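This briefing sets out selected structural features for the bench biochemist. Please read it alongside the sequence and the structure shown below.

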Amino acid sequence: MTVDLRTRVDSEQTSVEAGHFFEEMLPPLVDAHRAKIAPGARELVLKDFCIETDGEPFTLCWNDDRVSVSAGNQGRVHARLTAEQLSDLVNDQSTPVAWMSNRVLDMPEGGLADFLNWWLVLRAALDGRRIHARGDVRFDRDIRQSFTPEDSDEDMRAFLEEAGYLHIQGLFSREEMAAVEADFPNAAAHFEKGNPRGWFATTQDGQEQLVRMEGFDRYSDTAVSLIDEDRFLRIGRIPGLGHEPRRASGSRVSALNKPIGVVKGISDVPWHKDCSLGRHSYECCSMTVGISVTGADAKSGQLRVLPGSHRALVWPAPAVQPGIDLEPLDLPTQTGDVTVHLSCTQHMSQPPVERTRKVLYTGFAQKPVDVEAAEKNRQRLNAVRSKTHTSISQEPGYLGD
Ligand SMILES: [Fe+2]
């Protein structure tokens with residue numbers, strides 16, 4: 001098992017024209033991948049779905065265990081796309097979740113759930129990936145397990161590949177975390193309202209609070225020195241795939257301060273995969289690492305994960321796909337612990353109800369095959385991400401880290 005799930009490179013984009021795609025390209029693909037589509041599709045509600053691209057409609061139907069494609073609108077569900085959106089969908093550069101998050105999902109009939117069910121079929125056809133069906137993801141071990149820094153890379157790798165996450169206890173000391181926490185107010189002074197690198201949320205008392213500081217590393221030498229130490233960099237070596245620190249200097253660390261009782265804005269993120277906005281087949285799996293500056297549990301904003309979901313083609317957001325057989329797992333942490341999740345492992349953070357929480361996020365990524373082309377497309381995705389926290393509230397949720 002490997003966590004390198006990439007199947008595409010950015011320099012090889014398929015040019016997409018709606019008529020050609022629906023009449024020539026898609027029908028043979030759904031037939032060729034029928035064995036990967038049918039078992040999962042039987043467990044989905046697939047209503048006849050019209051995708052209209054710049055006024056040109058085609059309808060997808062699921063009948064007698066197979067997908068058919070026909071011209072015109074015979075759908076009970078209807079989505080209107082631009083030519084660019086269709087191209088991004090086919091090339092896995094964007095997703096219906098991204099469009100919904102940016103409020104450009106145009107569905108006169110039906111809703112996101114209908115689109116996502118068909119999105120699974122399209123991904124299976126386009127990527128040759130099997131839609132998850134009950135019983136597909138099995139575990140050879142207890143997937144509720146924590147590690148310590150004394151455990152071997154090999155043990156952690158085997159667990160990560162199977163479960164999609166790691167909990168490493170006590171990687172940092174309480175003193176180190178206290179030093180990082182002391183940098184929070186100093187850094188906060190640099191994030192005025194309107195700074196796109198600062199996220200704000202309103203709590204029940206009407207107060208607007210800074211909940212996320214992107215680029216915290218600019219203001220915390222302590223955080224930088226800790227993530228530059230080998231005991232931390234070692235995490236990137238665990239998958240054995242050459243993962244490197246993901247972000248450039250000045251945007252390496254996000255610092256989150258999670259208040260209680262958020263009523264507006266995004267602080268606690270509902271269920272999502274980090275690839276839910278697109279680019280799964282170019283980048284997965286990257287790793288996101290959470291450093292518990294303060295501990296977390298069910299009452300103080302803990303992370304929850306869906307073990308095994310990185311191995312399953314399922315809804316990437318905004319909820320755990322209805323009816324699937326994967327079980328969420330709580331990840332309580334102590335101060336100084338780290339959590340690692342793969343970009344394909346579905347996860348969420350629970351809103352704190354008793355105690356606030358502070359956590360740092362940073363990560364590791366695989367090096368793209370074509371760095372320049374990847375950067376260009378990644379910037380388009382980042383433009384979506386950067387708007388998400390201002391365009392939507394807690395539901396359906398921010399979909400980055
Ligand atoms: Fe995330």
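A residue counts as buried when its relative accessible area is under 20%. The model discussed here is predicted. By that cut-off, both faces of strand β7 are covered, with G198, F200 and T202 buried on one side and W199, A201 and T203 buried on the other. The points below begin with this strand and go on to other strands, a helix and the internal cavities.

**Strand β7 and its partners**

- Strand β7 spans residues 198–203, and six of its six residues are buried.
- Five bridges connect β7 with strand β8 (residues 208–214), and the two strands run antiparallel.
- Within this pairing, G198 has M213 of β8 as its bridge partner.
- β7 and β8 make up a hairpin with four residues between them. In the turn, G206 has a positive phi of about 85°.
- β7 also pairs with strand β11 (residues 262–264), in the antiparallel sense and over two bridges.
- In that second pairing, T202 of β7 stands opposite K264 in β11.

**Strand β4 and its partners**

- Strand β4 (residues 77–81) is largely enclosed by the rest of the structure, because four of its five residues are buried.
- Strand β1 (residues 49–53) pairs with β4 in the parallel sense, over five bridges.
- C50 has H78 in β4 as its bridge partner.
- The pairing of β4 with strand β5 (residues 106–109) is antiparallel and comprises two bridges.
- R80 is matched there with D106, its bridge partner in β5.
- As background, strands of a sheet pair through backbone hydrogen bonds, and the pairing may be parallel or antiparallel.

**The sheet of β14, β13 and β16**

- Three strands form an open sheet in the order β14-β13-β16, with antiparallel pairing.
- Its edge strands are β14 (329–331) and β16 (347–349), each of which pairs on one side only.
- On average, neighbouring strands of this sheet are turned by 25° against each other, direction ignored.
- β13 (residues 303–305) is joined to β16 by three bridges, and these two strands run antiparallel.
- L303 has S349 in β16 as its bridge partner.

**Helix α2 and its packing**

- Helix α2 covers residues 34–41, and its buried residues are I37, A38, P39, G40 and A41.
- These buried residues pack against the helices α1 (18–32) and α5 (112–127) and against the strands β2 (56–63) and β3 (66–71).
- Helix α5 thus appears in two settings: it is one of the elements packed against the buried residues of α2, and it also contributes to the lining of the largest cavity.

**Internal cavities**

- Rolling a probe the size of a water molecule over the atoms shows where empty space is left.
- A search of the whole structure identifies four cavities of 30 Å³ or more.
- The largest cavity holds about 120 Å³ of space.
- Fifteen residues line the largest cavity, and W119, R129, C275, H280 and L313 are the closest to its centre.
- Helix α5 gives the most to this lining, with three residues.
- By class, the lining consists of six nonpolar, four polar and five charged residues.

Definitions and conventions: Residues are numbered from 1 along each chain as its sequence is written. This is a predicted model: local features need pLDDT of at least 70, side-chain atom pairs count only at pLDDT 80 or more; totals for chains, interfaces and linings use all residues. Side-chain values use heavy atoms; hydrogens and water are left out. Buried means under 20% relative accessible area, exposed over 50%, partly exposed in between (1.4 Å probe, protein chains only). Contact means heavy atoms within 4.5 Å. On a 1 Å grid over the protein atoms alone, a cavity is a set of points where a 1.4 Å probe fits but cannot get out, and a pocket is an open set with protein on both sides within 12 Å along at least five of seven lines; lining residues have an atom within 4 Å of a point. Grid points are joined across faces, edges and corners, and a volume is the space filled by probe spheres set on the points. Ala, Val, Leu, Ile, Met, Phe, Trp, Tyr, Cys and Pro count as nonpolar, Asp, Glu, Lys and Arg as charged, and the others, Gly among them, as polar. Two strands pair if DSSP finds at least two bridges between them. Axes are lines fitted to C-alpha atoms, for helices over the stretch in contact, and angles run from 0 to 180 degrees between N-to-C directions.
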